[in-house]
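The following exercises ask the student to reason from a structure to its description. Each task is followed by a solution in steps.

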Amino acid sequence: MENEADSIKQFITKFFENLQSTVIEKGDSLVISNVPEKFEKFYGKKSPYIFVFKSEDKNSQNEFIEKGNYLLKTISNFLEEQGSTTLLKINFDIDFEKEIKKRIKLNNCQIEKLIPKKKNNFFFRFTFNTSFQYLNEKEKMTNDIYLYENKIIDGDLASYIITEGNKRDVIMPDIKEPYNIAKEKVKELIQPKITLLAKNLSEKLSKEIERINRHFIQETQELKNNLKKSTKKTEKEINEELEKKINEFEKDKERAINIEKQKHSLNLNTKLFNTTLIYYPVLNYDCYLINEHGKRIIEVSFDPLTKELKQIFCESCENKIEIINLCSSGHIICNKCLIKCNSCNITYCNKCLNIICESCKKKICKKCAIRCNNCSKVMCKDHAIYDKVTDKCYCSSCLKLCERCQHKKESNRFKTSKKTGAEICEDCYRLEMQQKTLKEIFKK
Ligand SMILES: [Zn+2]
Ligand SMILES: [Zn+2]
Ligand SMILES: [Zn+2]
Ligand SMILES: [Zn+2]
Ligand SMILES: [Zn+2]
Ligand SMILES: [Zn+2]
């Protein structure tokens, strides 16, 4: 029974691993330590345990485990009483800041600092125990189903440093949907075993039914032979008795077949033994980006399990960013969306750089845009004219040179000189008029 010993060994290994005990295989034996007190009490024996599975390995130092053994019964009872939820935490031995800095590619800015904000990510492990009971046999099967974001994943905790989790660290997520998905998966996993057992049982049952039928035929024959020997009875009496007896036999046969059917049925029981919520830090940092013109804080998160940074998206074109640029107004943008102001050469995103000089049509930034005080047209600094007298800016078409005072003045405020007929500025016109009045006074 080599196979049976193997499957018992496997079952015990899984059981203690699920209890977070240390299971070491030494040759054909299992050395189990760090067993939770809960189980030690249940079993009535303190760990470490040394289990062997072959009778020839048995000695005073170990326990020989075979089918029907006390340990197996204890485990079975323990499993039935449990159905617990465990919280585990994966600890990572990683320098997160270094990993993040390695993964962030920057073009026109630098990381000033990274300030951590703690957060967790998690996945589930559902452990199901299925018992198959048939004839006088009882078999057990344990399945671990791992789920991440409601998808089944290949789980293996062996390569991580696991410690007991703290309930305060996590908000328990909803378990219903992942549990249902895991349950369906278990059905799928146990199906081949069910099919195989059902086939074996139906073959055995057919043989039993055949045996019962043969026995019935033989009994009936015996009865007939015996009744024919008796001479005291009439043929009618013989036939009546024969019919009555055969009827009884028929009933016995049916009863026997039903008992066999019952015996050969497969009793299946799947129970959720344990739900484990395994969480691990997803490190979220506030990343301070700066360059000489702007700054911005963005959140970066690093998942130590996938060793990936959460994708950052361009705030202008909304595509994924490979290399980060900082717009001088603080936007995070991709290489394609980065443009320079044609006037000051400072970098912006194309959302921010949306002003066009009405004179030369160059794209300019807000800081470089100048509005004409007269007509409200927007210009770059090359196309705006500053008027010292009024301390205001104008576009070239709104200012005109006054021949008289040699100053540039708003063109719509020029007047025709009564003296020379030339176009002169308002101020010069006012002066002309005052001089004219003075002259008239002196004439009197
Ligand atoms: Zn972009
Ligand atoms: Zn500019
Ligand atoms: Zn911008
Ligand atoms: Zn211009
Ligand atoms: Zn103007
Ligand atoms: Zn003037």
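**Exercise 1: A zinc site with mixed donors**

Cys-352 has a relative accessibility of 18% and therefore counts as buried. The model in which this residue lies is a predicted one.

*Task.* Determine which residues are the protein donors of the zinc ion (ligand 3), and establish what arrangement the four donor atoms form.

*Solution.*
1. The protein donors are Cys-327 through SG, His-331 through ND1, Cys-349 through SG and Cys-352 through SG. These atoms lie 2.1 to 2.3 Å from the zinc ion (ligand 3).
2. In sequence, the donor residues follow the spacing C-x3-H-x17-C-x2-C.
3. Four donors count as tetrahedral if all angles lie between 85 and 135 degrees. The angles around the zinc ion (ligand 3) are 94 to 121 degrees, so the arrangement is tetrahedral.
4. Cys-349 has a relative accessibility of 1% and, because buried means under 20%, it is classed as buried.

**Exercise 2: A zinc site with cysteine donors**

*Task.* Identify the protein donors of the zinc ion (ligand 6) and classify their geometry.

*Solution.*
1. The SG atoms of Cys-402, Cys-405, Cys-425 and Cys-428 are the protein donors, at 2.1 to 2.3 Å from the zinc ion (ligand 6).
2. Along the chain these donors are spaced C-x2-C-x19-C-x2-C.
3. The four donor atoms subtend angles of 97 to 115 degrees around the zinc ion (ligand 6), and the arrangement is therefore tetrahedral.
4. For reference, the ideal angle for four tetrahedral donors is 109.5 degrees.
5. Two of the donors can also be classed by accessibility: Cys-425, at 2%, is buried, and Cys-428, at 8%, is buried as well.

**Exercise 3: A residue at the surface**

*Task.* Decide whether Ile-441 is buried or exposed, and state in which helix Ile-441 is placed.

*Solution.*
1. Ile-441 belongs to helix α7, which covers residues 426–443.
2. The relative accessible area of Ile-441 is 52%; because exposed means over 50%, the residue is exposed.
3. Together with Leu-438 and Phe-442, Ile-441 makes a nonpolar surface patch of about 360 Å².

**Exercise 4: The chain as a whole**

*Task.* Establish how the spread of the chain stands against the globule rule.

*Solution.*
1. The chain contains seven helices and 26 strands.
2. Its radius of gyration is 47 Å, whereas the globule rule gives 22 Å for 444 residues; the chain is therefore more spread out than a compact globule.
3. The C-alpha trace spans about 185 × 65 × 35 Å along its principal axes.
4. Of the 444 residues in the chain, 36% are buried.

Notes
Residues are numbered from 1 along each chain as its sequence is written. Chains are lettered from A and ligands numbered from 1 in the order in which they are written. This is a predicted model: local features need pLDDT of at least 70, side-chain atom pairs count only at pLDDT 80 or more; totals for chains, interfaces and linings use all residues. Side-chain values use heavy atoms; hydrogens and water are left out. Donors are N, O and S atoms within 2.8 Å of the metal (3.2 Å for Na, K and Ca); water is not among the atoms, so sites may look incomplete. Four donors count as tetrahedral if all angles lie between 85 and 135 degrees; four count as square planar and six as octahedral if opposite donors are over 155 degrees apart and all others between 65 and 115; anything else is irregular. Buried means under 20% relative accessible area, exposed over 50%, partly exposed in between (1.4 Å probe, protein chains only). Patches are made of residues with over 30% relative accessible area and no salt bridge: like charges are joined within 9 Å, nonpolar side chains (Val, Leu, Ile, Met, Phe, Trp, Tyr) within 5 Å. Accessible areas come from the Shrake-Rupley method with a 1.4 Å probe; for residues, only the protein chains shown count as cover. A salt bridge is a side-chain nitrogen of Lys or Arg within 4 Å of a carboxyl oxygen of Asp or Glu. Helices (H or I, at least four residues) and strands (E, at least two) are DSSP runs, numbered from the N terminus. The radius of gyration is taken over C-alpha atoms; the globule rule is 2.2 Å times the number of residues to the power 0.38.
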